[in-house]
Amino acid sequence: MSGALEIAAVGMQAQQRSLDTIANNISNINTPTFKRSELRFSELVGSGSADAEAFPADLARRDAAAGVEWRAWPVVDRQGPIEPTGNARDLAIDGLGFIELMGPAGRILLWRGGSLRVLEDGTLATSGGYALKAGINLPAEATGFRIDRDGKVYASLPEPQGETQIGQINLVKTADFAQLERLDGGVFALAEDGALTEAGPGEEGLGSLVQASLERSNVDLNTEMVSLLISQRAYAANAQVVRAADELYGIANGLRR
């Protein structure tokens with residue numbers, strides 16, 4: 001019966017983590033570029049029972065369940081709606097792909113778009129201060145900039161120069177989203193052994209860039225509410241196991257008297 005309590009406790013902990021993940025998704029439903037997370041479970045199997053020799057060969061339990069492992073996976077391959085903002089410093093990716101950023105200590109950071117800012121030296125960066133790896137620098141005399149869907153960046157300069165191309169923003173993609181770690185500000189970190197494929201926007205299945213727009217969260221409230229009900233019922237079922245085991249303990253104690 002102690003095994004029943006342990007199994008129920010593991011199940012309740014897993015469903016509690018599921019509820020936490022769903023709550024985080026719902027709370028970020030209006031956060032630009034936010035990608036919902038899905039909690040995935042896998043069974044942890046023990047190496048074998050310590051008392052296996054006490055059982056006949058045909059009844060020995062060679063593998064024993066050791067618990068449940070869970071991990072929240074960001075669903076980054078699901079597009080959120082693109083919403084025009086009218087702000088030239090907003091940038092969205094319509095389709096698959098990331099913009100590569102210059103992270104601290106040479107770390108590879110990936111960005112799904114958001115609000116841009118111009119650093120003191122003219123470098124284009126995210127609102128969090130991470131410079132684009134493309135190294136786009138606006139001249140001091142520039143009055144604005146424009147980004148085409150194919151990633152070409154133009155600066156608006158005084159006459160006679162006019163609009164001049166100053167750089168190119170490419171996109172990257174990874175074949176394994178499990179290698180991504182979610183950071184703050186819509187930024188993802190790539191695992192050290194992760195591999196990226198780089199190409200121009202609109203090439204090799206990658207999306208296009210949309211200036212003066214933001215990608216909204218890909219959280220669907222209906223989906224989250226259904227998942228919430230399923231997790232609540234699974235939690236309640238595990239709680240019933242605890243109650244049943246407690247009643248059996250009470251009966252067993254009564255028999256001993």
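Reader: When do two strands pair?

Author: Strands are DSSP runs of E, at least two residues long, and helices are runs of H or I, at least four, both numbered from the N terminus. Two strands pair if DSSP finds, between them, a number of bridges that is at least two.

Reader: What is this model, and how are its residues numbered?

Author: The model is predicted: local features need pLDDT of at least 70, side-chain atom pairs count only at pLDDT 80 or more, and totals for chains, interfaces and linings use all residues. Side-chain values use heavy atoms, without hydrogens and water, and numbering along each chain, as its sequence is written, starts from 1.

Reader: Over how many bridges do β13 and β14 pair?

Author: Strand β14 covers residues 187-190. One bridge joins Leu 180 to Leu 190 in β14. The pairing of β13 with β14 is antiparallel, and the bridges number three.

Reader: Which strands are the edges of the open sheet?

Author: The sheet has four strands, ordered β5-β6-β14-β13, with antiparallel pairing. An edge strand here pairs on one side only. That describes β5 (99-102) and β13 (180-182).

Reader: Is Arg 233 buried or exposed?

Author: Arg 233 sits in helix α2, residues 221-256. Buried means under 20% relative accessible area, exposed over 50%, and partly exposed in between (1.4 Å probe, protein chains only). Arg 233 has a relative accessible area of 67%, so the residue is exposed.

Reader: What distance separates the C-alpha atoms of Arg 233 and Gln 15?

Author: Along the chain, Arg 233 and Gln 15 are 218 residues apart. Their C-alpha atoms are separated by 9.3 Å.
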